[in-house]
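Colleague: Hi! Could you walk me through this model, bit by bit?

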2 protein chains.
Amino acid sequence: MTGTRWLSADEQRSWRAYLAATKLLAAQLERELQRSKGFSHAYYDILVRLSEAPDRRLRMSDLADAADSSRSRLSHAVSRLEELGWVVRETCASDRRGAYANLTDAGFAALVDAAPSHVESVRTHLFDPLTPEDARRLGEICEKVVVALREHCPAEQPDGAQPDGARPGGTEPVPAGSAA
Amino acid sequence: MTGTRWLSADEQRSWRAYLAATKLLAAQLERELQRSKGFSHAYYDILVRLSEAPDRRLRMSDLADAADSSRSRLSHAVSRLEELGWVVRETCASDRRGAYANLTDAGFAALVDAAPSHVESVRTHLFDPLTPEDARRLGEICEKVVVALREHCPAEQPDGAQPDGARPGGTEPVPAGSAA
DNA sequence: TAAGTAATGTTCAACGCTCAACTACCAACG
DNA sequence: CGTTGGTAGTTGAGCGTTGAACATTACTTA
């Protein structure tokens, strides 16, 4: 009864490195963003998704999917962003259960303000230590993992976002669209 | 004044894939471990580190470093593990400020019980979608990132663990040492 | 030995996340 | 219509993390 497919020595080493890298990198980016701009990466991510959406607004569910977040978490987070004046909710006319989250000018400004230092953090701690080839491969590998995860749990995840893997949109820098 | 080194289109794509993959994978592993065994990956990690240590015990600080955890978080976590009967604290004779965390037989048994399904999760969601070559490269890339992060923040991190990057030890399977 | 500095570990308050209700609404079917 | 089932989003309790403050003990230097 030893059906377990244990990890090989190489796999274990990769796995440990993965665990350490992801944990340390996330903690470092969080710390730098928190110290320089006073808000979390979770907020940043929400602001980015909204900034990229048409009219800078998104249905709550779509925003949750875009940010790989649970609906509950998103609802709480949007409430806090509303208190900051960075997002406002708006009820949906066509489906009265629904709600839009709108990015305000102040929210957009906060994103514009935070982006440069955050991008610099990402570059410093992730891309600078890697060769361009490494970076490209990391992306490919992660895309494979994402595809597998999205199709592997069709009923467990917050929702079944299509396994795109190739969304355009600029992550860090502020996307197209005029400020203010 | 536009000193920001923005991400290229390729870099952005890699970065987004990285963000999605790490978030989804962590959530999936957490969910499966939680549902099948009822405890978190944070606990699992602590149990693993303790199980690998001589006499299955470690100073709190060393354990915090090994698990890439803050002292505060570790202290809380160990308290909870103590309530489960999986770890016991012991005051250190040679340094009376210090404390050891000892893995109990029950704690070791819990790890032995959880390991197979957890390893299966890791394999299913990470290694199965990848080629062996991918897995090897992922490990190399992560090791580079870890090295950079560890040397880049000598005064900010919980502690200054030496930039090893090549610790042996078996991660998932239960390491050498007799059970019970 | 006394004073100053550093390290270990715990505790507390604030905050965010999770999970399970819960409200409100839509849509289909009889 | 009225019912049933499913969807959108919110809420609240419980729990874990964070970061700072704290007590205690060790080390270093005069």
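Modeller: Happy to. Let me start with one cross-strand pair: Arg57(A) stands opposite Asn102(A) in β3(A). Helices (H or I, at least four residues) and strands (E, at least two) are DSSP runs, numbered from the N terminus.

Colleague: Any caveats before we go on?

Modeller: It is a predicted model, where local features need pLDDT of at least 70 and side-chain atom pairs count only at pLDDT 80 or more, while totals for chains, interfaces and linings use all residues. Residues are numbered from 1 along each chain as written, chains are lettered from A and ligands numbered from 1 in the order written, and side-chain values use heavy atoms, without hydrogens or water.

Colleague: Okay, which strands does β3(A) pair with, and over how many bridges?

Modeller: β1 of chain A (residues 57-59) runs antiparallel to β3(A) and is joined to it by three bridges. β2 of chain A (residues 87-91) is also antiparallel to β3(A), with five bridges, and there Val87(A) stands opposite Leu103(A). Strands count as paired if DSSP finds at least two bridges between them.

Colleague: And is β3(A) buried or exposed?

Modeller: Five of the five residues in β3(A), 99-103, are buried. Ala99(A), Ala101(A) and Leu103(A) cover one side, with Tyr100(A) and Asn102(A) on the other. Buried means under 20% relative accessible area, exposed over 50%, partly exposed in between (1.4 Å probe, protein chains only).

Colleague: Switching to the DNA: what is closest to strand C?

Modeller: Of the 21 residues around DNA strand C, the closest are Ser72(A), Arg80(A), Ser61(B), Ser75(B) and Arg89(B). Sugar and phosphate make up 72% of the atoms of strand C that come within 4 Å of the protein.

Colleague: Which side chains have polar contacts with its bases?

Modeller: Polar contacts are pairs of N or O atoms within 3.5 Å; within protein, one must be able to donate a hydrogen and the other to accept it, and residues adjacent in sequence count only if both atoms are side-chain atoms. A polar side-chain atom of Ser72(A) is 2.6 Å from a base nitrogen of strand C. His76(B) has one 3.1 Å from a base nitrogen, and Ser72(B) one 3.2 Å from a base oxygen.

Colleague: And what does strand D touch?

Modeller: His76(B) turns up again, with a side-chain N or O atom 3.5 Å from a base oxygen of DNA strand D. For phosphate oxygens of strand D, a polar backbone atom of Met60(A) is 3.4 Å away, and a side-chain N or O atom of Arg73(B) is 3.4 Å away.

Notes
A residue is near a molecule or strand if one of its heavy atoms lies within 4 Å of it.
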